[in-house]
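Dear colleague,

Please find below the structure that I am handing over to you. My account of what was found in it follows directly after.

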Protein chains: 2
Amino acid sequence: MTISSEPIIVKGGSGWAGPMPKGSVLRITDVAGQQVGDLVLFREDDVTERFSQANTRKMENTIYLAEGSRLWSTRCSVLAEIERDTVNRHDILSSACSPYDYPIRFGIADHRSCLANLCAALKPYGIPEELIPDPVNVFMRQELSTDGTLSVEPPRSRAGDHVDIRFAIDCIAGISACPQDQNACNGWQITDLRLDLAPPA
Amino acid sequence: MTISSEPIIVKGGSGWAGPMPKGSVLRITDVAGQQVGDLVLFREDDVTERFSQANTRKMENTIYLAEGSRLWSTRCSVLAEIERDTVNRHDILSSACSPYDYPIRFGIADHRSCLANLCAALKPYGIPEELIPDPVNVFMRQELSTDGTLSVEPPRSRAGDHVDIRFAIDCIAGISACPQDQNACNGWQITDLRLDLAPPA
């Protein structure tokens with residue numbers, strides 16, 4: 001596995017995927033602020049094992065992720081850990097926005113979506129749509145009422161805020177700079193994410 | 001598709017699966033009280049489309065299910081609806097208990113699990129483990145602290161309580177009478193679920 005030593009700009013509304021070896025660190029920087037990234041992880045030697053929102057909620061015993069949170073797989077392996085985090089508020093309740101939900105939620109037939117971005121970026125790695133899990137919604141903020149109702153609010157991230165994710169095993173990672181402009185998810189403005197990939201120490 | 005006209009007893013700690021045609025109703029009865037059932041649904045004509053906790057949270061805008069809630073798929077189709085419900089509190093945050101989590105959470109190597117039950121029951125329908133989604137945890141109750149921490153509490157269901165689930169399209173359904181006896185999930189006692197299957201009117 002080799003990883004890019006140059007920063008990668010994931011343009012607002014687009015996606016990226018690549019290998020992340022054990023011990024490597026993925027820094028995700030919110031370039032302009034209030035931009036969500038939908039992140040999915042797959043075990044490199046068996047992509048049927050992949051990130052699991054529900055196992056992560058169970059094993060971390062929380063619905064919010066922050067510095068120190070581990071990202072668990074469908075088979076309860078630790079795939080990665082949030083090693084450093086200047087925001088400390090990430091969502092593991094929402095699905096990726098998708099070609100299926102924009103028509104129903106917003107009456108828009110051909111909107112760009114995180115799921116389509118992830119599908120396209122992960123295709124070279126032989127990962128089909130039905131294996132793409134619900135993501136870590138990096139920087140996304142939902143507020144929950146006491147009756148269980150959800151409300152999508154603008155992220156707390158400001159320009160330059162970032163998370164460092166250290167990989168515990170060899171993974172394929174995919175990320176989408178969320179194109180959602182129909183609610184407050186990205187502060188009503190779609191902007192870029194920057195990725196810095198550091199090899200194992 | 002034909003369905004059983006006889007009641008089906010799902011023994012505590014075991015699983016069942018079968019076809020549920022469009023318009024049919026699955027009644028799940030908690031025979032002795034405080035017993036959780038992990039329910040998963042698959043589109044019969046393409047089992048890669050299946051129940052989605054995250055899309056259900058998004059489309060129903062809640063983390064709790066009750067009478068009137070619809071069960072959404074990975075492609076944002078309505079698979080089924082909770083037509084009648086004497087409990088009105090079901091979980092869509094937890095993963096199924098699994099052969100992977102008992103060793104880590106409780107130090108037990110060979111505990112029965114919902115995921116293994118569902119795998120075995122769904123195998124005749126050609127559904128592999130990696131397609132089994134996080135379930136509707138029927139009757140399961142988790143309480144959430146304001147900091148996002150989760151706590152597994154005994155279900156509110158009492159003997160005879162039930163939910164009626166009407167199918168919107170032809171599905172394969174699988175259910176496990178949860179064998180979890182290491183926390184309060186099933187009120188510390190594993191008991192049976194009863195299924196009554198009603199054909200389309």
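I begin with a single residue: E49(B) is buried, because its relative accessibility of 4% falls under the 20% limit. Please bear in mind throughout that this is a predicted model.

**Salt bridges**

The side chain of E49(B) meets that of R43(B) in a salt bridge, with 3.4 Å from N to O. The partner, R43(B), is partly exposed at 22% relative accessibility. In chain A, residues R43(A), D45(A), D46(A), E49(A) and R75(A) are joined with E129(B) into one network by salt bridges that share partners.

That network includes a link across the two chains: R75(A) and E129(B) form a salt bridge whose closest N and O atoms are 3.9 Å apart. E129(B) is located in the loop between α3 (114-122) and β9 (136-138) of chain B, and R75(A) in the loop between β6 (70-72) and β7 (78-85) of chain A, so this pair joins two chains. E129(B) is partly exposed, at 28% relative accessibility.

A further salt bridge lies within chain B, where R194(B) pairs with D196(B) at 2.9 Å between the closest N and O atoms. R194(B) has a relative accessible area of 34% and is partly exposed. Over all chains, the count of salt bridges is 28, and four salt bridges are found between chain A and chain B.

**The interface between the chains**

How much area do chain A and chain B bury between them? The figure is about 2800 Å², with 56% of it on carbon and sulfur atoms. Within the area that chain A buries against chain B, 19% is supplied by K58(A), E130(A) and L150(A), more than by any other three residues. The contact involves 37 residues from chain A and 37 residues from chain B.

Between the two chains, 20 residue pairs are in polar contact, counting pairs with both residues at pLDDT 80 or more. On the side of chain A that touches chain B, α1 (53-60) and α2 (101-106) of chain A each contribute at least two residues. The largest share of that side, six residues, is from α1(A). Sorted by class, the side of chain A that touches chain B comprises 15 nonpolar, 12 polar and 10 charged residues.

As to symmetry, chain A is superposed on chain B by a rotation of 180° with 0.0 Å of shift along its axis, at an RMSD of 0.0 Å. The two copies are therefore related as by a two-fold rotation axis. Of the interface residues of chain A, 100% are also interface residues in chain B, so the copies meet through the same surface.

**Helix α1 of chain B**

Helix α1 of chain B, residues 53-60, is mostly covered, with eight of its eight residues buried. These are Q53(B), A54(B), N55(B), T56(B), R57(B), K58(B), M59(B) and E60(B). Against which elements do the buried residues of α1(B) pack? In chain A they pack against α1, α2 and β11 (150-153), and in chain B against β5 (64-65), β6 (70-72) and β9.

At the N-terminal end, α1(B) is capped by S52(B), which has a side-chain oxygen 3.4 Å from the backbone nitrogen of A54(B). N61(B) follows α1(B) and has a positive phi, near 55°.

**Two buried loop residues**

A96(A) sits in the loop between β8 (90-91) and α2 of chain A. With a relative accessible area of 10%, A96(A) is buried. Apart from neighbours within four places in sequence, A96(A) is in contact with D38(A), D101(A), C114(A), L115(A), P135(A) and, from the other chain, K58(B). The C-alpha atoms of A96(A) and I132(A) are 9.7 Å apart in space, while the two residues are 36 residues apart in sequence.

In chain B, S98(B) is in the loop between β8 (90-91) and α2 (101-106). S98(B) is buried, at 3% relative accessibility. Leaving out neighbours within four places in sequence, the contacts of S98(B) are C76(A), S113(B) and L115(B).

With kind regards

Methods: Residues numbered from 1 in each chain as written. Chains lettered and ligands numbered in written order. Predicted model: local features only at pLDDT ≥ 70, side-chain atom pairs only at ≥ 80, totals over all residues. Heavy atoms only, no water. Contact = heavy atoms within 4.5 Å. Buried area = accessible area lost by both parts, 1.4 Å probe. Polar contact = N/O pair within 3.5 Å; in protein donor to acceptor, adjacent residues only side chain to side chain. Helix = DSSP H or I, 4+ residues; strand = E, 2+ residues; numbered from the N terminus. Nonpolar A, V, L, I, M, F, W, Y, C, P; charged D, E, K, R; others polar. Buried < 20%, exposed > 50% of the residue type's maximum accessible area, 1.4 Å probe, protein only. Least-squares fit on C-alpha atoms with pLDDT ≥ 70 in both.
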